[in-house]
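Q: I would like to go through this structure with you, one topic at a time. Please keep the answers plain.

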Amino acid sequence: QMFKGFEKLKDVQYVYTPFDSSLCGVKLEANNKKQYLLTGQILSDGKVHIHLCNYIEPWDDLSLSQKKSLNQRYQMGCGCKVS
């Protein structure tokens with residue numbers, strides 16, 4: 001799991017999104033244990049919010065190069081923490 005923002009939030013249990021896609025809400029498949037790469041914002045209330053304008057991709061749809069970069073290379077150029 002790669003997460004930039006551990007200085008603000010140590011653990012993410014819930015991700016919030018608007019109820020409907022017309023409000024830019026995101027629908028994720030939660031019942032089949034699908035993994036996603038999610039980007040979003042940590043608001044002042046400490047909640048992580050995502051919407052349709054964020055980069056959201058099923059993990060299995062990423063290329064091998066993207067996966068390797070997220071797990072190794074991208075960390076070198078930012079303040080990210082990989083755990």
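Q: To begin with, is K34 buried or exposed, or does K34 count as something in between?
A: This is a predicted model. In it, K34 counts as partly exposed, at 34% relative accessibility.

Q: Which residue forms a salt bridge with K34?
A: The partner is E29, and the closest N and O atoms of the two side chains are 3.3 Å apart. That separation falls within the 4 Å cut-off for a salt bridge. E29 is partly exposed as well, with a relative accessible area of 42%.

Q: How many salt bridges does a search of the whole structure find?
A: The search finds one salt bridge, and the pair is E29 with K34.

Q: Turning to the lysines, which residue lies over the face of Y16?
A: K47 lies there, at 4.9 Å from the ring centre of Y16. There is also a lysine over a phenylalanine: K27 lies over the face of F19, at 5.8 Å from the ring centre.

Q: And how many aromatic pairs are found in the whole structure?
A: The search returns zero aromatic pairs.

Q: Let us move to cysteines. How many disulfides does a search of the whole structure find?
A: It finds zero disulfides.

Q: Why is C24 without a bond to the closest cysteine sulfur?
A: The closest cysteine sulfur belongs to C53 and is 5.0 Å from the sulfur of C24, so the two are too far apart for a bond. A disulfide requires the sulfur atoms to be within 2.5 Å. Seen from the other side, C53 is in no disulfide, and its nearest cysteine sulfur is that of C24.

Q: What about the accessibility of C24?
A: C24 counts as partly exposed, at 30% relative accessibility, whereas C53 is exposed, with a relative accessible area of 67%.

Q: Stepping back, what does the secondary structure of the chain come to?
A: The chain has one helix and seven strands. Along the sequence the pattern is β-β-β-β-β-β-α-β, with the helix placed between the sixth strand and the last one.

Q: Where is V15 in that arrangement?
A: V15 is in strand β2, which covers residues 15-16. V15 is partly exposed, with a relative accessible area of 37%.

Q: Which residues is V15 in contact with, leaving aside its neighbours within four places in sequence?
A: They are L38, V48 and I50. As for I42, it is 27 residues away from V15 along the chain, and the C-alpha atoms of the two are separated by 9.6 Å.

Q: Where is G40 found?
A: G40 is in the loop between β3 (36-38) and β4 (41-42). At 42% relative accessibility, G40 counts as partly exposed. Beyond its neighbours within four places in sequence, G40 is in contact with H49, I50 and N54. The C-alpha atoms of G40 and T17 are separated by 9.7 Å, with their positions 23 residues apart along the chain.

Q: Back to the whole chain: what share of the residues is buried?
A: Buried residues make up 18% of the 83 residues. The accessible surface comes to about 6500 Å², and 52% of it belongs to carbon and sulfur atoms.

Q: Finally, what share of the contacts with a separation of 6 or more comes from residues 24 or more positions apart?
A: Such residues account for 45% of those contacts.

Definitions and conventions. Residues numbered from 1 in each chain as written. Predicted model: local features only at pLDDT ≥ 70, side-chain atom pairs only at ≥ 80, totals over all residues. Heavy atoms only, no water. Helix = DSSP H or I, 4+ residues; strand = E, 2+ residues; numbered from the N terminus. Buried < 20%, exposed > 50% of the residue type's maximum accessible area, 1.4 Å probe, protein only. Contact = heavy atoms within 4.5 Å. Areas by Shrake-Rupley, 256 points an atom, 1.4 Å probe, with all protein chains shown as cover. Phe/Tyr/Trp six-rings, centres within 6.5 Å; stacked < 30°, edge-to-face > 60°. Lys NZ or Arg CZ within 6 Å of the ring centre and 35° of its normal.
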